[in-house]
Amino acid sequence: MTGVRRTQVAVVGGGPAGAVAALVLARRGAEVLLLDRARFPRPKPCGQFVGPAGARLLSTLGLWEAVRGAGARPLAGMRIEAPDGSVLLGRFPGGPAGAQDGPAAFTLGRETLDAALLDRARLAGVRILEGLRVVDVQAGASHAVVLALAGRRVLTLRAEWVIGADGRHSAVARALGLRRRLLRLRRFGLLADFADFPEGSRLAEVFVGHRAYCIVNPMGDGRACVGVVTDWRVEACRAGLSDLLAGQLAAFPSVARRAAGARLVGGLYGVGPLAFRRDPPGAGRTLLVGDAAGFYDPLTGEGVTAALQTGALAGALLADGLAAVAGPAEVQAVYAAARRRLLGPRWRLLALLQAVVSRPGLACSVAHYLERHPGALAILMAAVAGAVPGGRAAGSPGLLRRLLGPGQIRGDLPGAIDSPELGC
């Protein structure tokens, strides 16, 4: 393997962002080589949930049948429990779960999902190299050079463009000096997959507690992914993950009871602080996609959806000819602006929801308002789904006031959604 290889586009990372970017490029006739340090299939810590916008994109790309065949579990909406026990049942807009053109949303383990998407990329003509660890990316005027290791063997890869899809600890971003900037929202997440887990509903479940929330994503056949997100505290994270999870679940008794009789599958994972961004999301002839460019919060299952969307965006941008007639600086500017338009409204919506979740009294008040106003709940679910009716932006003040009701937006809540750090 020692030597120099050449390709039009090198994609680093074989998760959803990288697989979709590579597939979009290959379908448009580009020569694409994808490399990843792992060998697939491999486990990956994740909420195992793909939201409506991600499901729609997979359907548009003709990938839903492959994902369904791999065992995807369709979900039609969310069950949200407020701190006082009030329950909201929200449905995602769209066709019935399990429809031929794709469900409203679904769950599927990343080990399976990623392998399925890579298989489709391979069928589209993408060359895939596994077990290669990127150690450096060098920018040139007309190309980029990727250096990767497989044991002691070195691969030198010359590419016209590089897409960094290698996650929050991106080796590509690190090599280019693009540092992570932690955002004001400092949260810590714990994730665990369970078998023999009693199913509460056929909906994604969210339990709002005191400055924390718990998610339960049912995966079928008695399996579920359970996650707890709470304030980032270094001292708490020094405890063992098992003790930490048990302590956090104690705040959600109904989930703790279900988990007590279930069997842990795989390991426990802890990630934090969760919210960060890299600005700009690329440099020279390299674009960053998915978590490599930034992440905000998993409350609405945004992570995989954003990965799919930004991967498709970068792939389409490089495939449509702009990169052939424009310089790297112009391509970077177009990509950054398009990514802001794509993710900015939903990050603002997430910021608002986080501001509500962190105030238990307000969370209960908002839940009661949405119980009394099902139309507002329907708009909220459409906003979460990335399909707000009437062309309203998901993070617009007018929509947010309607969601929360008269007098609910007060204090520092407007600042939570207008913060410059949410520029994606």
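User: I'm new to this one, so let me start with a single residue: is Gln48 buried or exposed?
Analyst: Gln48 is buried, with a relative accessible area of 4%, where buried means under 20% relative accessible area, exposed over 50% and partly exposed in between, using a 1.4 Å probe and protein chains only. Please keep in mind that this is a predicted model, in which local features need pLDDT of at least 70, side-chain atom pairs count only at pLDDT 80 or more, and totals for chains, interfaces and linings use all residues. Residues are numbered from 1 along each chain as its sequence is written, and side-chain values use heavy atoms, with hydrogens and water left out.

User: Okay, and where is Gln48 found?
Analyst: Gln48 sits in the loop between strand 2 and strand 3, strands being DSSP runs of E with at least two residues and helices runs of H or I with at least four, numbered from the N terminus. Its phi is near 65°, a positive value in a residue other than glycine.

User: What about Arg211, buried or partly exposed?
Analyst: Arg211 is partly exposed, with a relative accessible area of 36%. This residue lies in the loop between strand 14 (204-208) and strand 15 (212-220), and it has a positive phi of about 55° although it is not a glycine.

User: Switching topic, which residues does a cis peptide bond join?
Analyst: One cis peptide bond joins Phe40 and Pro41, with omega about 0°, and Pro41 lies in the loop between strand 2 (32-36) and strand 3. The bond from Asp279 to Pro280 is cis as well, with omega near 5°.

User: Now the sheet with strand 7: what is the strand order?
Analyst: Three strands form an open sheet in the order 3-7-4, with antiparallel pairing; two strands pair if DSSP finds at least two bridges between them. The edge strands are strand 3 (49-50) and strand 4 (73-75), each of which pairs on one side only.

User: And which helix packs on the sheet?
Analyst: Helix 2 (residues 52-60) does, touching strand 3 and strand 7, and its direction makes about 95° with that of strand 7. Contact here means heavy atoms within 4.5 Å, and axes are lines fitted to C-alpha atoms, for helices over the stretch in contact, with angles running from 0 to 180 degrees between N-to-C directions.

User: Last one: at what angle do helix 8 and helix 10 pack?
Analyst: Helix 8 (residues 302-319) and helix 10 (residues 328-357) pack at about 160°, with their axes 10 Å apart. The two helices are therefore roughly antiparallel to each other, since angles under 35 degrees count as roughly parallel, over 145 as roughly antiparallel, 65 to 115 as roughly perpendicular and the rest as oblique.
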